[in-house]
Structures are given as structure tokens and as C-alpha cells.
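Please look through the model shown here with its charged pairs, its aromatic rings and its pocket in mind. The paragraphs that follow take these topics in turn.

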Amino acid sequence: MRAGHGTALLSVPDGTPMGGYAARTGGSSSELAPLQVDCVSIASGADRFLLVVAELVGVNADLAAEIRRRVPGEVWISATHTHSGPDVGTRPGGGTTPAAWVDAVADAAAEAARRAVASEAECLGSHHDGRLDGVGARRSVDTGERSVSVDVLRFAGADGRTVGVLAVVPVHPTVLPASSCAVSGDLAAWIREELRARLGGSAWVVVATGAAGDISTRWTRAGQTEADGRKLAGLAADQVAGLLAAGPGRAWTADDGIVADRHTLTLPARQDDRGRLDGLRAAFAAQLAGVAPDGPAGRAALTALQGIDAAAARTRDATAADAVTPEAVALELAVARLGDLTLHGIGGEPFLSLRDAAAPAVLLGYANGYAGYLPAAADFETPAYEVLISPFRPDAADHVAGALHELAHRSTHGG
């Protein structure tokens, strides 16, 4: 098996409209660090799988298609979901990428892929899974649990030395608030930098975002500054480095075959009862009145009210002049089998329970498209922001799990 890595930078001029937060009003005004587009290539013989990871809030299907047009092979494109990057048109139910960002991101992805392929070298792969404590937690309610699952792929040379690491972290990179107009890869970028330092500085590190739909740093951070984010990133990097040092992990090699398949799953769009939404609005407004609005409980109530507004706007109600009533939602799904290692890709924001259900497969969120939050059926019992704004019905996650299973057993050659 050969593996390689390449990086290209993505320039964001000052004044650029930013994505991620509905409450943000200004354009970008500075840059904490340039945004990156990374590519990991995994090859065996003439077969090759490329994973592009872009520091963006999302990747629409049109952008993924343009990158695939420019980059040969089986290519996945995932977003880290930073809320401190440009507005690239991602919207619940699907969006259109502005033409300027299609060209800029596709150019960067093509360059990163070229460098990744050029740097490919023989290596050994291992999969390590474990827990991250104190970094992320369910953000809608304070359950007291501050622990999430993490998947780490290690690439080692013939001498056993680590040459590269792909960490899939299921935590929203949303430390910086809506009031910040600084461009940044946020938590994912800071974990990448901290982990690379802990591995000695020579290995490449890519941090992708996993099933982070309901997971953020809301209850684990002390504040919403770069320093607060770097402190959490250091904590995450310590634990990932410890996981790699703790044992050999589960060995895998793409020499056993690279096979991949993708499918667009069309699901019926959700409709909400307006009377129920009115009741929830009153309940969350009362909750907000009893807490500090800038604290974690206040943020949970405030964003829930935003979710109610979004849910109300898409209901079929003739009195709502701005009603949006899609009949169905398209969701991009993908499976890649690299020998004994299986990757799942979902074009939305899967909740963490879906990762645990998919294990030992590694689940990437925000991949190859963006349709919105994807809660499990049980999550609909807690009507928080992520559930309210989701365009999906409660049975959607079960349909997704079934479709991914079918894809995994309907493998076609990756080419």
C-alpha cells in the first residue's frame, strides 16, 4: 500500500461574507491562519482513493462534482465544518456554491491531490479508536458526560516510524463565536497543529470531522477565544498521541483491494405542526429568560428558538409568506473499503450515536454534499436546535444506515 499527503492554502480576502452563524453580520476582517485544503491519497497498484479535507463550513454536491471532474480516481471531499470561513452556500436541504468558491476550492483541492499522489510511498496502516475526554459533549443539554469517540488512522513507514495521521474527531469546530470575523480553521486546525508537534513535527496530520451533529465545545470550553480553543486542542492532541502510543492498533492494508461506491438517497422532507412549534417557542423563551444569554444554557435556548423559526418557515401553511416546502431531501452517501478498513461518508451532520452504530467503520460527516443535521430517531424526543432545524424525519437515520449497509455489500471497483 502506498500513501501520500498534500496541502494547498485557500485565500480568504478581507470583507468576504462568512458562513456558519446566522447571527454574524460582518464580513471577514482578519486571518488567524490561512485555511487549508488537505488531501490524503491511498493507493494499491493502479487503484487509488483520495480524501480531500477542506477547512470550510460545508461542501455542496456541486463543488464535490467539480473537484471530481478535475481530480482522477475515487475522490471524497469533506469539510471540517469550521464556522470561521467563507459562506460557500451550504443550506439545510442542499445549496449552491458561489462560482468564485467553486473555482478557488477546486483549484486548491486539485493542487493538494497532485502533491499527495506525488508524495506516495510504501506504508503500513493501522486503525486506533478510543475516547476524547473533556473536549466535546452534547451541546443541546448538559448531560454531564464530557467524552466522545475518536478514530485515528496511522500510516507508518517500513521502519515503523509514523509518517502520517488522519484523525476523525466528532466535535463541532465552533470555539470562535458569531461576533468573531477572523478567518480560522478553529478547533480542527488547532488539533492538527498540536498533534503534529506532539508527533515530533515531521509527520503530516489531517483532522477531519466525524459525526459531530450534536457535539460541540459549548460545555467544555472556558471561553470563546483562540486561547480557549488551543487549550482544548492540546488536550485532544495529548489523548490522540497517547492512543497511538498505547498499542499497535488494528492493522489494515489497501493491498487487499480498494472498492468504493456512492449513492444519492432521496428522503421525504419533514413537516412540523405549527401548534407544537408555538408551544416549544414559549417554553424556550421562558427558559432563556431564566439564564444568562451568553452562557451555555442561554446559547442552547437561543439556538433552539432559531431552530423553531427555521422549522416554521418550511411548514405547509398558507399564512406563511416565506414558507419553503420541499417535498424531498437528497442526501449523499458513500462507502469505501480499503482492505479491512471501511469508511462511511454522509453528506450532512450525523449525530454521534450513528458513528457508534457504524463502528468499526470510520464515519466521516460533511462529506460529498450537505443536506443538514441527521439525528437518530431517539434524538427527536429532545427538541433542541439541531433536531428542529433538521430537514429529515425521525426515520431518516434508519434509512441511511440501511443504505450504507447495502453500499458496503454492493462494492464496485474504485478505479
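A residue is called buried when its relative accessible area is under 20%, exposed when that value is over 50%, and partly exposed in between. The model under discussion is a predicted one, and by this scale Arg138 is partly exposed, because its relative accessible area is 26%.

Arg138 is a useful place to begin, since its side chain meets that of Asp214 in a salt bridge, with a distance of 3.8 Å from N to O. The two partners come from distant parts of the chain, 76 residues apart: Arg138 belongs to strand S8 (residues 137-138), whereas Asp214 sits in the loop between strand S12 (204-209) and strand S13 (215-216). Asp214, at 8% relative accessibility, counts as buried, so this salt bridge pairs a buried acid with a partly exposed base.

The structure holds 26 salt bridges, and a few others can be set beside this one. Asp159 and Arg161 also meet through their side chains, at 3.8 Å from N to O; here Asp159 counts as exposed at 59% relative accessibility, while Arg161, at 47%, counts as partly exposed. Glu194 and Arg198 form a salt bridge in which the closest N and O atoms are 2.8 Å apart. Both of these residues lie in helix H3 (residues 186-198), and their spacing of four residues corresponds to about one turn of the helix. Arg198 itself is partly exposed, with a relative accessibility of 34%. Elsewhere, salt bridges with shared partners join Glu66, Arg69, Arg70, Asp103 and Asp107 into one network.

The aromatic rings offer another view of how separate segments meet, and a search of the whole structure finds four aromatic pairs. In one of them, the ring centres of Phe155 and Trp252 are 5.9 Å apart and the planes stand at 80°, so the arrangement is edge-to-face. This pair again links distant parts of the chain, with Phe155 in strand S9 (residues 147-156) and Trp252 in strand S14 (residues 250-252), 97 residues apart. Phe155 is buried, at a relative accessible area of 0%, and Trp252 is buried as well, at 4%. Together with Trp204, Phe155 and Trp252 form one aromatic cluster.

Tyr373 and Tyr385 make a further pair, which is edge-to-face because the planes of the rings lie at 80°, with the centres 5.9 Å apart. Tyr373 is in strand S20 (residues 373-374) and Tyr385 in helix H8, twelve residues apart. Tyr373 counts as buried at 6% relative accessibility, and Tyr385 is buried with a relative accessible area of 17%.

Tyr385 also leads to the largest pocket, whose volume is about 920 Å³. This pocket is lined by 40 residues, of which Gly20, Tyr21, Ala22, His83 and Tyr385 are the closest to its centre. Helix H6 (296-313) and helix H8 (385-389) each supply at least two residues of the lining, and H6 gives the most, with five residues. By class, the lining contains 17 nonpolar, 14 polar and nine charged residues.

A last stop is His344, which is placed in strand S17 (residues 341-346) and counts as buried at 9% relative accessibility. When neighbours within four places in sequence are set aside, His344 is in contact with Trp76, Ala334, Val335, Ala358, Ala361, Val362, Leu363, Leu364 and Leu404.

Terms used: Residues are numbered from 1 along each chain as its sequence is written. This is a predicted model: local features need pLDDT of at least 70, side-chain atom pairs count only at pLDDT 80 or more; totals for chains, interfaces and linings use all residues. Side-chain values use heavy atoms; hydrogens and water are left out. A salt bridge is a side-chain nitrogen of Lys or Arg within 4 Å of a carboxyl oxygen of Asp or Glu. Buried means under 20% relative accessible area, exposed over 50%, partly exposed in between (1.4 Å probe, protein chains only). On a 1 Å grid over the protein atoms alone, a cavity is a set of points where a 1.4 Å probe fits but cannot get out, and a pocket is an open set with protein on both sides within 12 Å along at least five of seven lines; lining residues have an atom within 4 Å of a point. Grid points are joined across faces, edges and corners, and a volume is the space filled by probe spheres set on the points. Ala, Val, Leu, Ile, Met, Phe, Trp, Tyr, Cys and Pro count as nonpolar, Asp, Glu, Lys and Arg as charged, and the others, Gly among them, as polar. Contact means heavy atoms within 4.5 Å. Rings of Phe, Tyr and Trp (its six-membered ring) pair if their centres lie within 6.5 Å; planes under 30 degrees apart count as stacked, over 60 as edge-to-face and the rest as tilted.
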